[in-house]
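I opened the notebook to look at strands, packing and pockets in this entry. My notes follow in the order in which I looked things up.

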Amino acid sequence: MGRLDDRVAFITGAARGQGRAHAVRLASDGCDIIALDICADIDTIDYPNARPSDLEETVKLVENTGRRIVAHQGDVRDHDAVNAVVAAGLAEFGRLDIVIANAGVIRLTSGGDDRQVFRDVIDVDLIGAWNTVHAAIPALIDGGRGGSIVITSSSAGLKGTGTDVTGALAYTAAKRGLVGMMQVWANDLGKHSIRVNTIHPTGVATGMVMNETMQKMFESGDPGLAAMQNVLPIPVLAPEDIANAVAFLVSDEAKFITGTAWPLDAGFAVR
């Protein structure tokens with residue numbers, strides 16, 4: 001028996017990285033999965049997003065655990081598209097218990113139209129999370145069983161570092177904004193036994209970090225990376241490290257935890 005048997009989790013950014021790790025770990029604990037990912041690049045973002053084949057791999061990995069999955073391509077910036085995916089998941093599974101608003105992007109380098117870069121990062125990371133949670137709240141309330149919402153923020157959501165890169169500034173603003181939304185939702189939804197928390201990972205070995213653009217920044221000795229160091233001698237976490245923590249947070253073992261901003265950061269926040 002898994003500790004999440006027969007529950008259903010809605011996960012965005014599920015095609016690879018942290019989103020895939022969440023899907024596989026929660027499925028291993030007994031969840032069925034509703035998965036959403038754009039599976040397409042965004043013009044202003046300077047590294048490639050996931051591909052449809054990545055989402056297909058997530059589907060296979062979840063099914064290998066013996067659980068079911070409904071997977072769709074879609075853009076979290078599109079509220080109607082997110083609503084449609086939630087509706088499709090409810091039609092298939094009949095319930096919703098867990099939401100992980102994980103989709104996010106950053107522009108790592110300077111260049112491009114600063115106004116559009118700022119807009120795109122805010123639209124995905126902040127408005128996309130609002131779209132995700134807003135679409136799911138009615139089903140969580142109507143289920144009458146409570147629930148757990150986890151919003152992926154970042155170490156940048158707790159501690160800003162100096163940079164002249166517009167994408168990094170927008171990312172920090174969005175990730176800090178998620179904390180405010182989380183606290184409001186935690187207060188409002190507590191009466192329904194729905195818990196809401198943010199997680200704040202340090203660098204994680206995902207497509208956002210492990211890409212050609214970031215590699216060039218490391219090779220050039222980019223000064224902006226000097227401030228992105230952990231206290232523990234762990235240069236980067238694995239997606240599964242974050243998924244293991246989230247699996248606890250959404251379980252009944254954490255039934256008293258809500259309204260928190262949880263650093264999963266190898267000590268980054270206290271450095």
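I began with strand pairing. β1 and β2 run parallel to each other and are joined over five bridges. I looked up one partner: V8 is opposite D32 of β2. I note here that the model is predicted.

Next I asked how β1 is enclosed. Five of the five residues of β1 are buried, so the strand is largely enclosed by the rest of the structure. I then checked its two faces. V8, F10 and T12 are buried on one side, and A9 and I11 are buried on the other. Both faces of β1 are therefore covered, in keeping with the burial of five of its five residues.

I picked out T12. It belongs to β1, which spans residues 8–12. Its relative accessible area is 1%. Buried means under 20%, so T12 counts as buried. What does T12 touch, leaving aside neighbours within four places in sequence? I listed G19, L36, V76, I100, A101, N102, A103 and T132.

Then I turned to the cores. The largest nonpolar core holds 46 residues. F10, L96, I149, I151, W185 and V196 have the most contacts inside it. Two or more residues of this core come from each of β1, β2 (32–37), α3 (79–93), β4, α4 (114–143), β5, α5 (166–189) and β6. Which element gives the most to this core? I found α4, with 11 residues.

I followed W185 further. Leaving aside neighbours within four places in sequence, W185 is in contact with A129, W130, V133, I137, I151, G190 and V196. There is also a second, separate core, with 32 residues. I100, V204, A254 and L264 are among its members.

I looked at helix α7, residues 239–249. The buried residues in α7 are P239, I242, A243, A245, V246, A247 and L249. I also looked up what covers them. The cover includes α1 (17–28), β4 (98–101), β5 (147–152), β6 (194–201) and β7 (261–264).

My last entry is on the second largest pocket. I recorded a volume of about 230 Å³. Its lining has 14 residues. Which of them lie nearest the centre of this pocket? They are R7, R145, G146, G147 and D252. I sorted the lining by character: seven residues are charged, five are polar and two are nonpolar.

Terms used. Residues are numbered from 1 along each chain as its sequence is written. This is a predicted model: local features need pLDDT of at least 70, side-chain atom pairs count only at pLDDT 80 or more; totals for chains, interfaces and linings use all residues. Side-chain values use heavy atoms; hydrogens and water are left out. Helices (H or I, at least four residues) and strands (E, at least two) are DSSP runs, numbered from the N terminus. Buried means under 20% relative accessible area, exposed over 50%, partly exposed in between (1.4 Å probe, protein chains only). Contact means heavy atoms within 4.5 Å. A nonpolar core is a set of buried Ala, Val, Leu, Ile, Met, Phe, Trp, Tyr and Cys residues joined through side-chain atoms within 4.5 Å. On a 1 Å grid over the protein atoms alone, a cavity is a set of points where a 1.4 Å probe fits but cannot get out, and a pocket is an open set with protein on both sides within 12 Å along at least five of seven lines; lining residues have an atom within 4 Å of a point. Grid points are joined across faces, edges and corners, and a volume is the space filled by probe spheres set on the points. Ala, Val, Leu, Ile, Met, Phe, Trp, Tyr, Cys and Pro count as nonpolar, Asp, Glu, Lys and Arg as charged, and the others, Gly among them, as polar. Two strands pair if DSSP finds at least two bridges between them.
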